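Biologist: Could you pick a single part of this protein and take a close look at it for me? I would love one connected account, starting with the whole and then working inwards.

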Amino acid sequence: MSEVVEAKGPKVPPSFPPKSPPPQKKPVEPPRPQPVTKPQSVTGVPPRLVVHNRRTQVLAFRADEWAAKKAAGQAALAVAEWDHPLLDEHDFLKAVHGLVSAAVEGGGKRVSVHLADQGKKILVMALNHQAGEQEGTDQVPSEVALLRTVDACGTHTDHDGHTWWALIDAAPRPTKRLA
């Protein structure tokens with residue numbers, strides 16, 4: 001049996017450079033920045049209307065001369081399902097008719113009526129979907145503002161168009177009669 005003995009000598013550096021690792025096929029990508037949520041005042045775009053825990057109804061109409069009458073009738077049917085027995089139907093119909101008429105006069109091709117209730121109040125909003133400046137859109141029609149059951153009313157313009165709104169008391173207190 002012959003034994004092979006390897007010679008051990010001083011360690012000599014190799015005569016060629018050591019192998020370096022191969023370059024990456026795709027460069028490393030820095031982390032993507034996360035979108036920053038900006039408050040409304042910075043962006044200038046108000047948030048959309050969101051209603052929670054309330055009964056709502058949205059009705060859409062072509063902006064023509066019959067829109068106000070159709071809207072009043074359909075809104076009355078929608079609200080009748082909400083069980084407001086003390087609602088003054090005459091005032092409600094006049095309010096919807098007046099708000100939708102103002103929206104049609106404000107311009108646009110369509111009008112939407114948004115209804116919501118909470119407790120003993122019903123909110124009626126008519127939106128004309130006409131963006132930009134409009135003349136005569138800064139006032140609620142006087143026939144709506146003077147109704148006995150209208151608690152509050154107003155107008156508002158944003159990126160979706162111009163809105164006329166009224167808050168109607170669905171259980172008005174009886175008026176006192178003077179003797």
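Modeller: Happy to! Two residues are in contact when they have heavy atoms within 4.5 Å of each other. By that rule, of the contacts between residues at least 6 apart in sequence, 64% join residues at least 24 apart. Please keep in mind that this is a predicted model.

Here is the setting. The protein has 179 residues, and 31% of them count as buried. Four helices and five strands make up its elements, and along the sequence they follow the pattern α-β-α-α-β-β-α-β-β.

The part I would pick is the sheet, with what packs on it. The sheet is open, and its five strands lie in the order S1-S2-S3-S5-S4 with antiparallel pairing. At its edges are S1 and S4 (150-158), each pairing on one side only. From one strand to the next, the twist averages 15°.

Now let us look at one side chain after another, beginning with the core. The largest nonpolar core holds 34 residues, and Phe92, Val100, Leu115 and Val124 have the most contacts inside it. Elements that each give two or more residues to this core include strands S1 (55-62), S2 (110-118), S3 (121-127) and S5 (161-169), along with helices H2 (67-80) and H3 (89-105). H2 supplies the largest share, eight residues. That same helix, H2, lies across S1, S2 and S3, and runs at about 160° to S1. Leu115 is a good place to zoom in: leaving aside residues up to four places away in sequence, its partners include Leu59, Ala75, Ala78, Trp82, Phe92, Leu123 and Val124.

From there, move to the S4 edge. S4 and S5 pair in the antiparallel sense over eight bridges, and Val150 stands opposite Ile168 in S5. Thr149 sits in the loop between helix H4 (142-145) and S4. Is Thr149 buried or exposed? Thr149 counts as buried because its relative accessibility is 1%, and the cut-off for buried is under 20%. Its surroundings can be listed too: apart from residues up to four places away in sequence, Thr149 touches Asp88, Asp91, Leu167, Ile168, Asp169 and Pro172. With one of these, Asp91, there is a polar contact between the two side chains, at 3.0 Å. Ile168 thus appears twice in this account, as a residue that Thr149 touches and as the residue opposite Val150.

Notes:
Residues are numbered from 1 along each chain as its sequence is written. This is a predicted model: local features need pLDDT of at least 70, side-chain atom pairs count only at pLDDT 80 or more; totals for chains, interfaces and linings use all residues. Side-chain values use heavy atoms; hydrogens and water are left out. A nonpolar core is a set of buried Ala, Val, Leu, Ile, Met, Phe, Trp, Tyr and Cys residues joined through side-chain atoms within 4.5 Å. Buried means under 20% relative accessible area, exposed over 50%, partly exposed in between (1.4 Å probe, protein chains only). Two strands pair if DSSP finds at least two bridges between them. Axes are lines fitted to C-alpha atoms, for helices over the stretch in contact, and angles run from 0 to 180 degrees between N-to-C directions. A polar contact is a pair of N or O atoms within 3.5 Å; within protein, one must be able to donate a hydrogen and the other to accept it, and residues adjacent in sequence count only if both atoms are side-chain atoms.
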